[in-house]
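Let's take a walk through this structure together. Keep the sequence at hand and turn the view as we go.

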Amino acid sequence: MERAGRLTLIALVAALAAGAGAALSRWASRAERDAVASRPIPGEQGQVVVEVLNATAVDGLAREVARRLRRAGIDVVNYGSERDSTLDSTTIVIRRGDSTAAREVRQVLGLGRVRVERDPRLLVDASVLVGPDLARALGFHP
C-alpha cells in the first residue's frame with residue numbers, strides 16, 4: 001500500500017475511534033445522570049433524616065446507634081463524636097419540622113429527652129446526642 005493510502009487509512013481509523021469514544025462517553029454520562037436522578041433525596045417521601053453524635057467516651061457507640069436507627073428505616077446521614085461531658089442522658093434535638101423525628105427516634109431507642117433547637121442549615125430533622133444512659137442500655141461500658 002502506498003504511503004498516502006496508509007495515512008488515509010490511519011486517519012479514517014482514528015476518526016472512527018474518536019466518534020465511538022464520544023458516543024460511549026455521552027451514553028455513560030446519560031446513564032450516570034439517570035442513576036443519580038432515581039436515588040431519593042434525603043428527607044423526601046416522609047423519611048426521617050438524623051445525625052447521630054456520641055457524647056460519651058465510649059468508642060463505637062454512635063456507629064451502633066446509627067445501625068439500629070437505619071434498620072428501623074430512619075435515614076442516618078452522619079454519625080460521629082460530640083464529646084460533651086455535661087450531657088447526662090441521651091437527647092434528641094429537633095432541628096427542623098415538627099416532633100415526628102424525635103418520636104420515631106425515641107421509639108426505636110427506647111429513651112431520650114427531646115429538646116428543640118431549630119437549625120435548618122444542618123439539613124437534618126434531628127440530632128441524636130447519645131449519652132451514658134443509652135450506652136448502659138445497649139451494654140456498652142467505658
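Where is Leu 123 found? Before you hunt for it, bear in mind that you're looking at a predicted model. Leu 123 sits in the loop between β4 and β5, the latter covering residues 126-130. Its backbone is worth a look: phi of Leu 123 is near 60°, a positive value, and this residue isn't a glycine. For background, most residues other than glycine have a negative phi. The side of the story you can see from outside is simple too: Leu 123 counts as exposed because its relative accessible area is 58%, and the cut-off for that word is over 50%.

Now step along the chain from that loop into β5. Is this strand mostly covered or mostly open? It's mostly covered, with five of its five residues buried. You can check that one face at a time: Ala 126, Val 128 and Val 130 are buried on one side, and Ser 127 and Leu 129 are buried on the other.

So which strands sit beside it? Strand β1, residues 49-54, runs parallel to β5, and five bridges join the two. Strand β3, residues 91-94, pairs with β5 as well, this time in the antiparallel sense and over four bridges. Leu 129 is a handy landmark for both pairings. Leu 53 stands opposite Leu 129 in β5, and Thr 91 also stands opposite Leu 129.

Thr 91 gives us a way over to Arg 113, since the two are in contact. Arg 113 lies in strand β4, which spans residues 113-116. Leaving aside neighbours within four places in sequence, Arg 113 touches Leu 87, Asp 88, Ser 89, Thr 90, Thr 91 and Ile 92. What about Val 93? Arg 113 and Val 93 are 20 residues apart in sequence and 8.4 Å apart in space, going C-alpha to C-alpha. Even with those contacts, Arg 113 is partly exposed, because its relative accessible area of 45% falls between the 20% and 50% cut-offs.

Last stop: head back towards the start of the chain, to helix α1, which takes in residues 3-38. Leu 16 lies in this helix, and Leu 16 is exposed, with a relative accessible area of 58%. Which residues share a surface patch with Leu 16? They are Leu 9, Leu 12 and Val 13, and with Leu 16 they form a nonpolar patch on the surface. Together these four have about 390 Å² of accessible area.

Conventions:
Residues are numbered from 1 along each chain as its sequence is written. This is a predicted model: local features need pLDDT of at least 70, side-chain atom pairs count only at pLDDT 80 or more; totals for chains, interfaces and linings use all residues. Side-chain values use heavy atoms; hydrogens and water are left out. Patches are made of residues with over 30% relative accessible area and no salt bridge: like charges are joined within 9 Å, nonpolar side chains (Val, Leu, Ile, Met, Phe, Trp, Tyr) within 5 Å. Accessible areas come from the Shrake-Rupley method with a 1.4 Å probe; for residues, only the protein chains shown count as cover. A salt bridge is a side-chain nitrogen of Lys or Arg within 4 Å of a carboxyl oxygen of Asp or Glu. Buried means under 20% relative accessible area, exposed over 50%, partly exposed in between (1.4 Å probe, protein chains only). Contact means heavy atoms within 4.5 Å. Two strands pair if DSSP finds at least two bridges between them.
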